[in-house]
Amino acid sequence: MNPRQISHEASGSPIRVHKLRAWLTNATRLTFGQTMNKWIADYIERQKAAHDSIPHEQVAALIEVLRKALVEDRQILCFGNGGSASNCSHFATDLGKGASDAVGKRFRVLSLNDNVSWMLALANDYAYDQVFAQQLMTYGKPGDIALSLSVSGNSPNCVNGLQWAKDNGLTTIALVGAKRGKMAEIADHTVVIDDTHYGRVEDAQMGVCHLLCYAFMEKPEIAS
């Protein structure tokens, strides 16, 4: 029975009107479900592709950078905006606690996103594009590590932070999306996720951060 037939036969009958509404509701739900299932499947396939684009050799090189920082007691300073800021906080937690516990020595890691009062003071009194560079002026010393995450690779505060770090003898690392941006030009080490979608790139970048941390958690002997 099609909607026109139901509409015609339902005229003046509460029962038939109810059946019409139920039929239309079920049809809508079915269409919505099919649409969302297809969208979810497509999203997951693209997410897998983003994760598959993680370059193994570059990640291995970063693990070595962190291992050397641990041995030489260097600071690891990470920063980003939005979802990337959350990824930095997560990374600092995993490296500072999980990886440190596993190897029996403390990684001196700090997320520059986590002192909100300081960030707001710097943004208010200087400019928002200075919130990381100004903190690096306090914390950063030659030989330390500056790690920044960005999907676009062009966030001005991340660019300025990496540039200050580069100019002042820190080892610089950029995790970026397919557009690469200025950060990729500045950094000593760059990991590119081959996608421009913010959610998928941020998920894959967190995957990279987990690789950096779990390398020490699951293979603590590499730290010796």
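Helices and strands, in the way I will use the words today, are runs assigned by DSSP and numbered from the N terminus. With that in hand, we can place our starting residue, S150, which lies in the loop between β3 (145–149) and α7 (156–167). Please keep in mind throughout that what we are looking at is a predicted model.

Let me stay with S150 for a moment. Is S150 buried or exposed? Its relative accessible area is 3%, and because anything under 20% counts as buried, S150 belongs to the buried residues. The side chain of S150 makes a polar contact with the side chain of S155, at 3.5 Å. If we leave aside residues up to four places away in sequence, S150 touches S84, S155, L175, V176, G177, M183 and Q205.

Now I would like to turn to the aromatic rings. How many aromatic pairs does a search of the whole structure find? The search finds four, and I will describe two of them, beginning with F79 and F132, whose ring centres are 4.9 Å apart and whose planes meet at 35°, a pair that is classed as tilted. This pair links distant parts of the chain, since F79 sits in strand β1 (residues 75–80) while F132 sits in the loop between α5 (116–125) and α6 (133–139), and the two are 53 residues apart. F79 has a relative accessibility of 0% and therefore counts as buried, and F132, with a relative accessible area of 0%, is buried as well.

The other pair I chose is F107 with F216, where the ring centres lie 5.0 Å apart and the planes stand at 70°, so the pair is edge-to-face. F107 is found in the loop between α4 (83–103) and β2 (108–111), and F216 in helix α9 (residues 198–218), so this pair ties together parts of the chain that are 109 residues apart in sequence. F107 counts as buried at 5% relative accessibility, and F216 is buried too, at 0%.

There is also a charged residue beside a ring to point out: R200 lies over the face of Y43, at 5.0 Å from the ring centre.

Finally, a word on confidence, which we should weigh carefully. The chain averages a pLDDT of 92, and 88% of the residues score at least 70. Where does pLDDT stay under 50? That happens over residues 1–10, for which the model has 12 contacts beyond four places in sequence.

How values were computed:
Residues numbered from 1 in each chain as written. Predicted model: local features only at pLDDT ≥ 70, side-chain atom pairs only at ≥ 80, totals over all residues. Heavy atoms only, no water. Phe/Tyr/Trp six-rings, centres within 6.5 Å; stacked < 30°, edge-to-face > 60°. Helix = DSSP H or I, 4+ residues; strand = E, 2+ residues; numbered from the N terminus. Buried < 20%, exposed > 50% of the residue type's maximum accessible area, 1.4 Å probe, protein only. Lys NZ or Arg CZ within 6 Å of the ring centre and 35° of its normal. pLDDT = per-residue confidence, 0-100. Contact = heavy atoms within 4.5 Å. Polar contact = N/O pair within 3.5 Å; in protein donor to acceptor, adjacent residues only side chain to side chain.
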